[in-house]
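These are my notebook entries on a set of chains whose contacts and charged pairs I wished to look up. The entries follow the order in which I worked.

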Amino acid sequence: MKLKDILSPFTAWKHVVREPVTIKDPFSREGADRYRGFHKNDIETCIGCGTCEDICQNAAIDMVPVEGIETKDGDSGLRPQIDYGRCCWCALCVDVCTTNSLSLSNHFTWVDEDADVFRFIPGVDKKDWDNEERGWKKPEPNYELYEKERVPMRELHPEERDKSFIEMVKGYSKEEAEREADRCVECGICIATCPAHMGIPEYIKAVREDNIEEGFKKLYETNPLPEICGRICTHKCETVCSVGHTGDPLSIRWLKRYIADQVESEDYKNILGTDGIENNGKKIAIIGSGPSGLSAAHYLALMGYQVKIFEAFDKAGGMMRYGIPEYRLPYDQIDKDINYILSLGVEIQYNTKVGKDVSLADLEKEYDAVFAGTGLHLGRSTRIPGSDHENVYFATDLLREITQGKEIHVAEKIVVIGGGNVAMDITRSLARLQNQKYGKVDVTATSLESEDIMPADREEIVESREEKAIVDPGWGPTSIEIENNKIKGLHVQKCTSVFDEEGRFNPKFDESQTKFFEADMIVESIGQGMDIEYISKDIREQMEFDPRGRIIVDDYFQSGAKWLFVGGDIIQGPDVIHGIANGHRAAIGIDKYLNEKA
Amino acid sequence: MNKKRFTINEDRSLFPEKNAEGKIDIDLSSHKYLKLWQGPQHPGITGNMSLELTVLGDEVMDCETHVGYLHRGFEKLMERRKYIQCFPIVCRVAVPEPDFNEYCFASAMEELAGIEVPEMAQWLRTLVLEMSRLQSYLMWIGGQSGAFGSGIIGQWSIYLRDLVLDRFEELTGGRVYHMYQLPGGVRGLLPDGFKQRMEETLLTIEKFMDDIDKVMFNNAVFKKRSVGMGYIDPSWVNKFGITGPNARAAGIPLDVRKDYPYLKYPELDFDVVVGKDSDIYTRADIRRKDLLLSVDLIRQIFAKMPEKGDIKAKTPNVLHWKVPKGETYSRAECTRGEYGYYMVSDGTEYPRRINVRGPSYTHAVALLEKMIINTNIADVAGLMVSLHTYPPEIER
Amino acid sequence: MKDIIDRIKTKYTISEVVEQRKNLSFVTVSKEQAISIITFLRDIEGFKHLVLLTAADWIENDKFQLTYLLNNPTEKIDLGVRVFISRENASMESAHHLWEQVATYQRELKEMFGIDFPDSPGVDKPFILEGWEDIPPYRRDFDTKQYSEDTYFPRPGRESNDPAEYMKKKLYPNE
């Protein structure tokens, strides 16, 4: 035993005079800047996707309705409620939040005798820390719990594609599709926005898990034209995708196409289990083989109805074939979808225009019910001076003639009036034809709407420009200058606004700003109208029309003439996916109507 | 070898003789023995476990370790959670050393999934592991001296530990459970001024360690009770699966940081601390030196780590991350020895089986039960703490 | 590592060798040869340290997997010895004579998986669970969620909504 060992411990006494280190008031101690304390939620930004609830391993989060927050496209109207009896403060809910609305404050002391107050909806139930800047936020940068960037789609180079009508989008490979599908957080916010309410998260999951058959079956539950929709759908779903709030939305459309592309035509019936459907002996006539007609035919055929489609042209598909250029939607893909529907026993009588070759009244007599999906085919004119010149065309007519293989007039300098997808379609088609004929492109598309509100899909505008077409939006046409019976060009004036304060179409112009587009051919693409001449007067009398002349139908697309169902572009849209949804719904309606009648 | 081995009561006439197997036949009906429960209410600073002691006089004749007081079934819970959902719970396996759990879990998963963690994240992981070692030793040192009746060290060391926890709070957002080492990386860079505040903390710790050296290690009472006491024979190391300071005190230089270099340890300059006497005092001294080594390593890390860099590798979407089929074992050196996660994946979104290997599993059961025989009951707590055992990792 | 495996192969039958990383491999051996191989590895090949002994339940194959993870502290390599045993009347030869801590592992495996190790000291004594009457809880067919629902009661007043279902209810209930 050393003396030092006995004396040395007494040095502890020097601490008697040390300043105490105890925190005197623990309640006022502030948490660190990153501290994970009570939740905050910016309820305006939050869309109620429930991803926070999914990741919470403690089941501490419930998605609950909140008064004053409306359920609408892209917002479930639900907000997370946290139960602090279960929360473990891991903040994974914050890190995974799709909108970055959720965060944690650095407040951590809260004493109450009532246990129930520790369950509240952050951002809705006001708390002291709602405006606290400090606390846990999602770490920055390069810290993501799922990929925010979209897997790029491989496309033909502008130089490769601007001379031909070969399909420009190549489609995802297996690896790319699975990588893209992996980004989905499976919130399901998109389902409500899709007109057909497709089971989007489910089919994306099938892609991820390489279960193509399952995904294919999912597609056909709500959409019998997946090859077509997978290419040209307006993909409203992608505009509300929760992942899109802080990154790129999922490529829902391309994933749908990926599934459909993987399945060979001969396997369709096998996978979908549609061999040997029992005929129920009832007959349905369908007018028009566009998306709504085909969709109705498909679902009616599955229910056992004998379906016959009357088609005015010599091929089926309607606007999908005659309106959309081949480089966006190749004809063999249209045929792939349609041939399957035909294989279910659906018949098509081509070159038969109802109202001319056969009357609607005859159909009523011969069939148990009729579905009309005749679409919008009549081009609308600007009716500006000079618009009656022979070298002023409607876009829909030209597009149809291109499909039919007819030689159309292609001038060296062309102006297209219109800013929608049809305008872009004709612009890009004419650019290709100019390239073939003259080896150069000189086509200008001009629209009333300024660039930010142009109705065409963004990528259509970008791709038009890549193909050397000029898009010059924000001009209202005033007249077409004609000299010696030859078109010289188009006069336009600046359009300052398109819609009035109530959101109605009411364009305003600035007459001092004008421009002249030189051209020797002009194409009008400002919308289409319906042609319902085939509905005779006595039938029309049974139907109802709104003040603007549109047919009024019920939830099942049944018109006032009970045996006549109407859907597609003449009711809703115009786009393919609404047509599909209408056709499906009408098929259910027809079945219901006939069952009730019997 | 020891200058002075701890001796038991020399007069063995009162004690029963050992049988042919070298064990004592205990006849409780003889009324010579007493059953004494050490625990389960924190019998030292070890957490909830209990020792069922059979004593004769004040000498322990037999001992059985009982656990099960804080069994939460983590291994089973993880089988029912997605990988990302296991991340917040693994740290809760061991209260004083959450980071080793986080690291082993993340690295096992990263190995199976083939994910390379960015350089910066590796440095930050090394940093939090050393910070965790520091605070765990500080907690232990109070327990060790407390078990021998000196409460003052515990007051100081818990204060020091709180300073480290303050730094953890700044860096990770949590004091005790840090939830920082996410599979794929970490959850944040160093906050502004962190290095300086950490340096201040380290200086305070060093200052107090001088005092602790004087008051605990140069203390006649502590020496009297610990030198020669609780001897672990080097030949037991493999036989009992002893790792960490308990093995190093016996002269076996086992240190995962050196033997199976991981993270940034290969770039750090340090020697494994080894002792030779293998008694309670030596083990305490090894841990003291290891604690100071951690202080040094933290400084080295600060000097060598880059200022900026990616904190997380790209991983699949955590909401449906499927880890490829396979199995692996990932280990790290915690304050008590080899900590490891054995992970089996069946290729789904959920782990098939995760087994947590904590060093206390061997130290607190087989080894303690053997060592404690013939110990005076007054020394049981000190002996137990000197093995630095934590029941949570025995029963998980 | 490869030469070690080759040397085992001269004496014993092993199947499915997986080299997980440079210093960690897994081999599958038969139940009959397992203890003999492990003894050989410990005494001849220098795998003196037992890292862990644990089990995994492959209920779909009706098998338990026992993993003896051995470590050679000199060479600094690990070898996992996997043994597949039948789930029915699961039983395995005891290895408690090889390492002192094995008896504890085997006691736990008996309790948590119901794998018997005859002659292992104290193998039938409860280790963690006292008075447990249900099936061994680490078996895959033990449903922890069901157990907690049966045993505990949830806090009243909690109700959640699936966003997609809720939006359907609100926006297009009839479609």
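Entry 1: the interface of chain B and chain A. By buried area I mean the accessible area that two parts lose on being put together, summed over both. I note at the outset that this is a predicted model. For chain B and chain A, I found a buried area of about 3,700 Å², and carbon and sulfur atoms give 52% of that area. I then looked up which residues of chain B lose the most area to chain A, and they are B:Arg187, B:Leu319 and B:His320. Together these three account for 18% of what the chain B side buries. In terms of contacts, 47 residues of chain B meet 48 residues of chain A.

I next searched this interface for charged pairs. The rule finds seven salt bridges across the interface of chain B and chain A. One that I looked up joins B:Asp211 to A:Lys14, with the closest N and O atoms 2.9 Å apart.

Entry 2: the interface of chain A and chain C. Here I found about 1,800 Å² of buried area between chain A and chain C, with 49% given by carbon and sulfur atoms. On the chain A side, A:Thr71, A:Arg119 and A:His197 lose the most area to chain C, and their joint share is 26% of what that side buries. The contact list holds 32 residues of chain A and 17 residues of chain C. I counted four salt bridges between chain A and chain C. I also looked up the pair A:Asp83 and C:Arg158, which form a salt bridge with their closest N and O atoms 3.4 Å apart.

Entry 3: chain A as a whole. I recorded 21 helices and 20 strands in chain A. Its C-alpha trace spans about 120 × 65 × 45 Å along the principal axes. Of its 598 residues, 57% count as buried. I took contacts between residues at least 6 apart in sequence, and 72% of these join residues at least 24 apart. The accessible surface of chain A comes to about 26,500 Å², and 48% of it belongs to carbon and sulfur atoms. I also tallied charges: chain A has 73 positive and 107 negative side chains, and the centres of the two sets lie 2 Å apart.

Entry 4: A:Arg183. I asked myself whether A:Arg183 is buried or exposed. A:Arg183 has a relative accessible area of 1%, and therefore counts as buried, the limit being under 20%. I located A:Arg183 in the loop between helix H5 (174-182) and helix H6 (189-193) of chain A. Leaving out residues up to four places away in sequence, I found that A:Arg183 touches several residues of chain A, including A:Tyr146, A:Glu147, A:Asp248 and A:Pro249, and also B:Asn317 of chain B. A:Val243 is another residue that A:Arg183 touches; the two are 60 residues apart in sequence, and 7.9 Å separates them C-alpha to C-alpha.

Entry 5: salt bridges within chains. A search of the whole structure gave me 104 salt bridges over all chains. In chain B, I looked up B:Glu170 and B:Arg167, whose closest N and O atoms are 2.9 Å apart in a salt bridge. Both lie in helix H5 (residues 151-172) of chain B, three residues apart, which is about one turn of the helix. Both B:Glu170 and B:Arg167 are buried. A further salt bridge in chain B joins B:Arg248 and B:Asp255 at 3.6 Å, N to O, and I found both of these residues buried.

In chain C, I looked up the salt bridge of C:Arg82 with C:Glu16, where the closest N and O atoms are 3.4 Å apart. C:Arg82 lies in strand S5 (residues 77-86) and C:Glu16 in strand S1 (residues 14-21) of chain C, so this pair ties together parts that are 66 residues apart in sequence. C:Arg82 is buried at 6% relative accessible area, whereas C:Glu16 counts as exposed at 51%.

Entry 6: B:Tyr341. I placed B:Tyr341 in strand S5 (residues 337-345) of chain B. B:Tyr341 counts as buried because its relative accessibility is 0%. I noted that B:Tyr341 and B:Cys104 are 237 residues apart in sequence, yet 5.6 Å apart in space, C-alpha to C-alpha.

Terms used. Residues numbered from 1 in each chain as written. Chains lettered and ligands numbered in written order. Predicted model: local features only at pLDDT ≥ 70, side-chain atom pairs only at ≥ 80, totals over all residues. Heavy atoms only, no water. Helix = DSSP H or I, 4+ residues; strand = E, 2+ residues; numbered from the N terminus. Buried < 20%, exposed > 50% of the residue type's maximum accessible area, 1.4 Å probe, protein only. Contact = heavy atoms within 4.5 Å. Areas by Shrake-Rupley, 256 points an atom, 1.4 Å probe, with all protein chains shown as cover. Lys, Arg positive; Asp, Glu negative; His and termini not counted. Charge placed at Lys NZ, Arg CZ, Asp CG, Glu CD. Buried area = accessible area lost by both parts, 1.4 Å probe. Salt bridge = Lys/Arg side-chain N within 4 Å of Asp/Glu carboxyl O.
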